[in-house]
Amino acid sequence: MKKRHLSLLLIQNWVCFTLQSLPRRPKVTMSLTAMVGVGNAINKLPGLSFRRIISDSSTNDLYRAIREHLTALIPGLTPNDVSTMSLGLSHSLSRHKLKFSPDKVDTMIVQAIALLDDLDKELNIYAMRVKEWYGWHFPEMGKIINDNLAYAKVIKVMGMRASAATTDLAEILPEEIESALKAAAEVSMGTEIAAEDLNNITLLADQVISFTEYRQQLSSYLSARMTAIAPNLTVLVGELVGARLIAHAGSLMNLAKSPASTVQILGAEKALFRALKTKHDTPKYGLIYHASLIGQSTGKNKGKIARMLATKTALGLRVDALTDDKDESAALGLEMRAMIENRVRKLEGKPAVPRGNANTAPIVGSRAPGKWEIKEAKKYNPDADTVAENAPSAAQAVAEAAVRAIDQDIVMGDGDEGSDS
């Protein structure tokens, strides 16, 4: 207690000395604050007007001492109350930072692209299970219909294969594939299944249909968010690759701070460190490899185009992240994309395409999704085989080569006998 009273007495004397050392002026109102910003904010309040705001090292020491001895200065205040107050203040500050965080919009893109990848994996597993399960009943259907969504819809509409002849599938399948499916159902080698089995297969097919429709909706949402948040990045590399780059970096601001060399190999960190450790060639590209501009170039030019695309992407990222009023038309991104496309054509020996007005080009990802089409699997075409006239068969060619080799060995043996004699 004596030490506490002594410290309080010292604080009181120090405060009095500090106030006495201030220049005395008539009718001067002062404000002691721990931070200059707080003092300015207090001064702007209506009805309050402080002519002088004091905020320096002396006020910091004063506030530090007051916080340390706050329980002794205020009667009835316990240390538990101070701890509760500090905890509530920290929660309020954290809540305020999260509410006004500039990175919170990027979180939507990160979560959407992660969910999209998970949906693709689950959708492939469910579709494969549907084909294997229903394939016991109608194995020929898997070779006729390659699209997973159409396969599930046909199961839901048709049911048993015996109902194929009386089922109208015109809304799901093209006419030629529908007729092929009905013809295959009549001579199918599949086994019979019970109605309970078909019910479970139909429920699984419903899951495939719902997952596919939700994935399309999520893809449209991701495209819209990418176009609004990073239009230049979306134009250059596409919404999927751009979203994966943002997710890998953590936020759009972190990705914008990265140099072009980091953007180029982002996603290939394991290969990079392995190459540095074994003193081999470092990778030329990472996630950016899946961009359409790199896919358009040939193998020997992919590294050059990846480096150029990463440079332009880094510029577009800084415009997207640091510009207050974002231009959703992405004029800068379209202009840089046209430059890269002309560079690709020049490297491949093709004539350059005139740029024209870059503002009229459509933004990648803003196209309306077209109706899916069922493509029949490629089959072997025996008509493409040709046989040259009067050409020797493979067996005859092998026999003639063997005869020539034997004759050559006989000639060499005769020459050796003549030299010995």
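Select Arg129 first: in this predicted model the residue has a relative accessibility of 43% and counts as partly exposed. Then add Glu132, which is also partly exposed, at 42% relative accessible area. The side chains of Arg129 and Glu132 meet in a salt bridge, with 3.0 Å from N to O. Show helix α6, residues 104-135, as a ribbon: both residues lie in this helix, 3 residues apart, about one turn.

Side chains of opposite charge can pair when their charged atoms come close. The structure holds 8 salt bridges, and two others are on this tour, Glu178 with Lys182 and Arg337 with Glu341.

Go next to helix α9, residues 175-186, and select Glu178 and Lys182, which are 4 residues apart, about one helical turn. Their closest N and O atoms are 3.2 Å apart, in a salt bridge. Is Glu178 buried or exposed? Glu178 counts as buried because its relative accessibility is 10%, and the cut-off for buried is under 20%. Lys182 is partly exposed, with a relative accessible area of 22%.

The last stop is helix α18, residues 331-347. Select Arg337 and Glu341 there, again 4 residues apart and separated by about one helical turn. How far apart are the closest N and O atoms of Arg337 and Glu341? The distance is 3.3 Å, and the two residues form a salt bridge. Color this pair by accessibility: Arg337 is buried, at 12% relative accessible area, whereas Glu341 is partly exposed, at 29%.

Methods: Residues are numbered from 1 along each chain as its sequence is written. This is a predicted model: local features need pLDDT of at least 70, side-chain atom pairs count only at pLDDT 80 or more; totals for chains, interfaces and linings use all residues. Side-chain values use heavy atoms; hydrogens and water are left out. A salt bridge is a side-chain nitrogen of Lys or Arg within 4 Å of a carboxyl oxygen of Asp or Glu. Helices (H or I, at least four residues) and strands (E, at least two) are DSSP runs, numbered from the N terminus. Buried means under 20% relative accessible area, exposed over 50%, partly exposed in between (1.4 Å probe, protein chains only).
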